[in-house]
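Here is a short tour of the model you are about to see. Have your viewer at hand and follow along from the overall layout to the packing inside.

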Amino acid sequence: MITDDKVVLLIEDNPDDERLTLRALRKNNIMNEVVVAYDGQEALDYLFGSGKFEGRNVEALPSLIVLDLTLPRVTGLEVLQRIRERELTKLVPVVVLTSSDEESAMTRAYELGANSYVKKSTDSSEYSDMVLNVAMYWLLLNQTAPPRTSVAAT
């Protein structure tokens, strides 16, 4: 069983895809905490401690952000751009998980700093395997950059 304190931020507005993702993680004994944001603005509020997340410790960053591109209020590409613009969040791994197969969306996601771009499968078994592979790599195998210290060198 995989249990640790690595939080996953799932940014997904489709309840069916949210359910499939969470079920795939649990089915494969990946018990990391998953915070779900249902639109782009909610995700930004969570990451930057605003809105309903006012006062949240923003230094407690997720270990992985799983980002859909087609989101209400603020698009996935806009969320990605804002994540990469901020010193605090620019090194957090972002996996784009989307049904879009538009080359322009994929190119733009990589230009904005996506770490990976994965097309959602419409088959539930394949979807489950895809989520497992993403989680296993990004939560277990990948080595993340150490947190930056705010202490200036003397």
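## Layout and ground rules

Along the sequence, the elements of the protein alternate as β-α-β-α-β-α-β-α-β-α. That gives 5 helices and 5 strands, where helices (H or I, at least four residues) and strands (E, at least two) are DSSP runs numbered from the N terminus. The radius of gyration is 15 Å, close to the 15 Å from the globule rule for 154 residues, so the protein is as compact as a globular protein of that length. This radius is taken over C-alpha atoms, and the rule is 2.2 Å times the number of residues to the power 0.38.

Please keep in mind that this is a predicted model, in which local features need pLDDT of at least 70, side-chain atom pairs count only at pLDDT 80 or more, and totals for chains, interfaces and linings use all residues. Residues are numbered from 1 along each chain as its sequence is written, and side-chain values use heavy atoms, leaving out hydrogens and water.

## Extent and contacts

Taken along the principal axes, the C-alpha atoms fill a box of roughly 55 × 35 × 30 Å. Of the 154 residues, 47% are buried, meaning under 20% relative accessible area with a 1.4 Å probe, protein chains only (exposed is over 50%, partly exposed in between).

Contacts (heavy atoms within 4.5 Å) often span the sequence: among those between residues at least 6 apart, 64% join residues at least 24 apart.

## The nonpolar cores

A nonpolar core here is a set of buried Ala, Val, Leu, Ile, Met, Phe, Trp, Tyr and Cys residues joined through side-chain atoms within 4.5 Å. The largest has 27 residues, and L9, I11, I65 and L67 touch the most other members. At least two residues each come from several elements, including strand 1 (8-11), strand 3 (64-67) and helix 4 (103-111). Helix 2 contributes the most, with 5 residues.

Which residues does L9 touch, not counting those up to four places away in sequence? They are V35, A37, Y46, L47, P62, L64, I65 and V66. There is also a second, separate core of 20 residues, with I30, V36, L64 and V118 among them.

## Helix 2 up close

In helix 2, 8 of the 9 residues are buried, so the rest of the structure largely encloses this helix. The buried ones are G40, E42, A43, L44, D45, Y46, L47 and F48. They pack against strand 1, strand 2, strand 3 and helix 3.
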